[in-house]
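Thanks for coming. I have one model to go through today, and I will keep to the local geometry and the strand pairing. Here it is on the screen.

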Amino acid sequence: MKTSKLSIRLLWYITPLVILPLLFLGGFTLTNVTNSTQKQADLIMSRFVEQQQQKAFNYIDSFHSTTKLLSRSPVLNDFLANDALLDGNYTRRLGALMDVFASYNEAYPDIISINLVSASGKSDAYHSNNLTIAPKNYPFFNQVIQSNLSQQQFMVQKPDGTTSLYFVQRIDSVGYYLKRPQQLGFIVVNVEPSILNTSILEAPYNNTLNLLLTKDGKILFSSNYNLRGQYISEYELNKVRDLADIGSLSTIELSSIDKIERMIFAVQMSGGYYYVSTIPKAVLHQSGKAISLITGLIVIISVISLPILIFVVVRNLLLNPIELLGAASHRVGDGDLAVSLPAHTDDEVGILFNDFNHMVNQIRHYQQQLEEYKHHLEDKVESRTQALESMNSQLELAITQAEQANQLKSRFLANMSHEIRTPLTAIMGFTEQLLHNDKIVNDKQHLSTILRNSKHLLELINNILDLSKIEAEKLAVEQASVNVVQLVHDIESIITPLAQEKRLELNIIFDLPIPQTIYTDVTRLKQILINVANNAVKFTEQGHVSICVHYHAKSNLIEFVITDTGIGMSEHQISRVFKPFEQADATTTRRFGGTGLGLCISKNLAQLLGGDIKLESEVGEGSEFSISAACHLKGKTPELELLVDHAQLTPEKDPLLSFATNSFDANILVAEDNPDNQLLIKLLLQTWGLEPDIANNGAQAVEMALVNDYQLIIMDMQMPVMGGLEATKMLRHAAYDGPIIALTANVMNHDIGTYIEAGCDKALGKPIDKDALENVLVSYLHLEKDNQNKWDDLLKSEKFQQISDNYLANLPSYLEQIKTFHHAQDWESLKAVAHSVKGSAGCFNFDAIYKSAGNLEENLKSNDKSQRDEIINSVIVAIQQAIESK
């Protein structure tokens with residue numbers, strides 16, 4: 001092969017520049033490699049042992065912390081209480097403590113057992129993950145008792161050579177009258193030292209021997225398993241102690257183990273234990289000699305081979321790539337597309353090679369694509385045909401689902417149209433008769449029909465809204481105290497007229513004992529019970545309907561079982577009855593009506609209340625619905641009260657929350673824009689002896705409330721000009737402190753929260769619940785009456801009379817100032833005096849002075865001098881009359 005002149009010239013100049021520094025560097029490295037080997041070994045060994053020491057320390061410290069945390073557990077303190085055996089709760093507390101032990105065992109897999117040991121050494125509570133019994137004693141327990149340390153650790157080696165860790169935490173109790181703590185016992189945690197077992201097997205070098213020694217020289221852990229349980233000699237132990245104090249690598253021969261001279265690094269750990277790592281000295285020196293030999297060999301080879309390498313590099317970098325590129329171009333020109341230049345560096349030659357390969361690959365790729373199109377066109381057509389068939393199947397399925405959804409929607413709209421039009425027809429028809437036919441006699445019957453159909457229409461709308469909220473997962477429930485007997489009495493009062501109308505017997509059964517009070521959403525629970533009980537009456541032609549109340553203490557559930565002797569249902573009908581928009585069959589819909597939403601909503605509501613609805617039924621025999629709801633009694637105050645006597649089942653209405661036992665002389669403002677609602681609320685209040693004022697919007701309500709003295713305001717939230725929310729905020733900013741009752745159709749929890757935050761004291765929903773309105777009015781009017789009585793008592797007190805006398809004594813000075821400023825025509829000073837006199841006179845009930853001083857202040861502000869003298873004289877006369885009256 002011909003040699004390039006350029007490559008020979010480069011070799012001649014570059015070779016001396018590379019060889020001379022290499023010879024100097026090789027000699028320096030060979031001289032210092034022996035010293036650096038010893039230092040490197042010392043550093044590696046010291047870092048390794050320190051890491052293992054820190055790892056063991058962190059491992060032990062973590063279980064110290066865990067044992068200390070366990071000793072402070074409230075469940076443990078409750079178990080160790082002095083009255084644990086006296087109050088009969090020992091078994092429950094022991095079970096709770098064992099649950100705590102088990103939870104710690106699950107959190108820390110290395111824990112073998114947890115033992116609560118009394119001060120005398122008796123095991124009071126023991127938990128083991130391998131189901132062993134508590135040990136009768138521990139070999140270190142005397143040392144534990146004699147020590148004053150609250151935390152101790154022990155390593156105990158078993159006969160098989162393995163070692164277990166024991167962590168001991170003393171439990172003290174400090175009495176109120178004791179000067180020193182009382183020792184209650186010890187927590188003993190037995191741990192399988194997985195971290196120590198793994199760390200002792202780690203090694204920085206081959207042939208490394210790691211040991212963990214006790215303070216008397218016993219080998220607890222060793223990377224050589226056969227050495228566990230043996231003892232090193234006292235001389236060797238003293239040397240290890242000295243090395244641990246110095247903290248450096250040193251040479252020693254461990255005759256108790258073998259006769260090999262070793263390099264040893266040792267550290268002392270907590271508890272008097274020593275961690276020792278050793279490596280044979282010959283191994284360490286052998287590695288140093290090998291490094292020296294390799295270094296010299298590298299220098300010699302480099303000096304010899306470097307000129308050759310330079311020549312080869314120059315040849316490969318310049319000449320060979322050019323020759324390869326020329327030959328490849330010639331082959332491509334001849335039509336050979338299998339040419340591929342080898343990968344090269346990222347220099348200009350490498351880029352040229354990559355571009356050439358990319359060009360050839362693109363030509364080859366286009367030719368392959370052409371061949372594939374020729375040979376696989378049929379496969380592609382078949383694949384596309386299958387994809388179209390699959391898409392067509394999906395389209396047919398989607399069309400079928402859409403048709404089913406459309407049918408379901410049509411059926412639902414038809415049901416809704418029928419159910420809504422039926423009560424609307426009655427309402428509109430009877431209303432037109434009452435309006436246009438003066439000869440109607442039984443108008444009360446017609447009004448009753450209108451009211452009944454209105455309630456039915458409201459129920460339909462509420463069911464549709466409730467189902468929408470449930471499906472959107474936006475229906476919230478609350479927890480409030482509910483009187484169970486009163487709840488059942490309310491259901492009975494609603495269902496009884498329906499049962500009597502069909503001549504059915506309604507039975508109410510209480511399976512005592514039952515709780516007097518539960519905590520749930522009374523509105524939703526009542527909605528469920530009314531819905532199911534109403535269905536029971538509707539689908540029963542003869543016989544009876546029963547409501548039985550049970551309490552399940554174990555599951556903390558209250559259950560209402562509603563049975564009837566009605567038409568019953570088959571298995572197929574039962575499977576459909578809780579689905580939305582479905583009833584038993586079309587015949588049932590035509591015969592009894594309904595939307596099919598009630599039971600679906602009731603089941604969802606029962607599940608939201610922590611329970612469920614179960615159904616058992618037989619065609620022609622009747623049905624049994626079991627409605628359960630969570631009581632939420634745990635953690636509630638007062639404690640659970642159970643009703644055990646039937647004499648306790650009579651509901652009592654609070655006489656303080658009824659107008660029948662109370663009378664009030666109160667001014668009430670009603671803010672409502674709807675004339676019909678105005679008339680209804682006014683009629684209700686008049687039946688209770690109250691004559692309200694009416695405001696047509698929020699702005700008018702604010703104006704009337706600031707002018708008049710109202711003891712209570714009923715505020716509609718949706719009104720023109722100004723809404724109830726803005727009006728309430730404005731009244732509160734204007735210092736109106738009377739109760740404001742929100743009246744609105746928006747009764748969601750977040751809406752009520754908004755009203756309360758704006759300043760309302762209570763929120764009532766529409767349609768108006770007469771009993772709820774009565775309770776709220778009586779409650780707040782009682783408060784206003786009590787506040788007025790306190791103010792009257794204050795006006796009659798001796799302290800107030802003394803202040804009033806002082807005010808009368810200062811009236812002559814006010815009179816003199818008024819006359820002086822009037823004579824001097826100092827109107828600004830006179831206006832200030834009039835303002836002061838007006839304010840103080842109003843506070844002490846001097847109405848004549850208050851009124852005349854106010855007129856004077858207004859006159860001075862308007863600069864109207866035509867009647868000023870007459871007004872000033874009226875002020876002087878009023879003050880003089882007050883002075884003379886004392």
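I will start in the middle of a sheet: Cys548 stands opposite Val561 in strand S16. Before going on, please keep in mind that this is a predicted model.

That pair belongs to S15 and S16, where S16 covers residues 557-564, and the two strands pair in the antiparallel sense over eight bridges. They form a hairpin with four residues between them. In that turn, Asn556 has a positive phi of about 55°.

Strand S15 itself, residues 544-552, is mostly covered, with seven of its nine residues buried. S15 has a further pairing, with S12: six bridges, and here the strands run parallel. As a register point for that pairing, take Phe510, whose bridge partner in S15 is Val549.

Staying by S12, there is a backbone detail to look at. Leu512 and Pro513 are joined by a cis peptide bond, with omega about 0°. Where is Pro513? It lies in the loop between strand S12, residues 505-510, and strand S13, residues 514-515. As a reminder, most peptide bonds are trans.

Now the overall numbers. The chain has 24 helices and 24 strands. Of its 886 residues, 38% are buried. If you take contacts between residues at least 6 apart in sequence, 61% of them join residues at least 24 apart. The exposed surface comes to about 52,000 Å², and carbon and sulfur atoms supply 55% of that.

Next, the stretch around strand S4, residues 163-173. How much of S4 is covered? Nine of its eleven residues are buried. Strand S3, residues 151-157, is joined to S4 by seven bridges, and the two run antiparallel. S3 and S4 form a hairpin with five residues between them, and Gly161 in the turn has a positive phi of about 100°. S4 is also joined to strand S5, residues 182-191, by nine bridges, again antiparallel. In that pairing, Ile171 has Gly185 of S5 as its bridge partner.

Back on the S3 side, Phe154 stands opposite Tyr166 in S4. Those two residues are part of one aromatic cluster, together with Tyr138 and Phe140. Within the cluster, Tyr138 and Phe140 are both buried. The aromatic pairs in the model number seven. The one formed by Tyr138 and Phe140 is stacked, at 5.3 Å centre to centre with 25° between the planes.

While we are on rings, there is also a charge to point out. The charged end of Arg868 sits over the ring of Trp827, 4.6 Å from its centre.

The next item is an open sheet of five strands. The order is S7-S6-S10-S9-S8, and the pairing is antiparallel. Which strands stand at the edges? They are S7, residues 219-222, and S8, residues 250-253; each has a single partner strand, so one side of each is left without a neighbour in the sheet. From one strand to the next, the twist averages 35°.

At the S7 edge, three bridges join S7 to strand S6, residues 209-213. Among the bridge partners there, Leu212 is matched with Phe221 in S7. A helix goes with this sheet: H6, residues 234-246, lies across S6, S8, strand S9 (261-268) and strand S10 (274-280). H6 runs at about 60° to S9.

Last, two residues with a backbone angle to check. Most residues other than glycine have a negative phi. Val721 is not a glycine, yet has a positive phi of about 65°. Val721 lies in the loop between strand S22, residues 712-716, and helix H18, residues 724-733. Is Val721 buried or exposed? Its relative accessibility is 74%, and exposed starts over 50%, so Val721 counts as exposed.

Ala735 comes after H18, in the loop between that helix and strand S23, residues 740-744. The phi of Ala735 is near 75°, again a positive value in a residue other than glycine. Ala735 counts as exposed too, because its relative accessibility is 63%.

That is the list. I can go back to any of these on the screen.

How values were computed:
Residues are numbered from 1 along each chain as its sequence is written. This is a predicted model: local features need pLDDT of at least 70, side-chain atom pairs count only at pLDDT 80 or more; totals for chains, interfaces and linings use all residues. Side-chain values use heavy atoms; hydrogens and water are left out. Two strands pair if DSSP finds at least two bridges between them. Axes are lines fitted to C-alpha atoms, for helices over the stretch in contact, and angles run from 0 to 180 degrees between N-to-C directions. Contact means heavy atoms within 4.5 Å. Rings of Phe, Tyr and Trp (its six-membered ring) pair if their centres lie within 6.5 Å; planes under 30 degrees apart count as stacked, over 60 as edge-to-face and the rest as tilted. Buried means under 20% relative accessible area, exposed over 50%, partly exposed in between (1.4 Å probe, protein chains only). A charge sits over a ring if NZ of Lys or CZ of Arg is within 6 Å of the ring centre and within 35 degrees of the ring normal. Accessible areas come from the Shrake-Rupley method with a 1.4 Å probe; for residues, only the protein chains shown count as cover.
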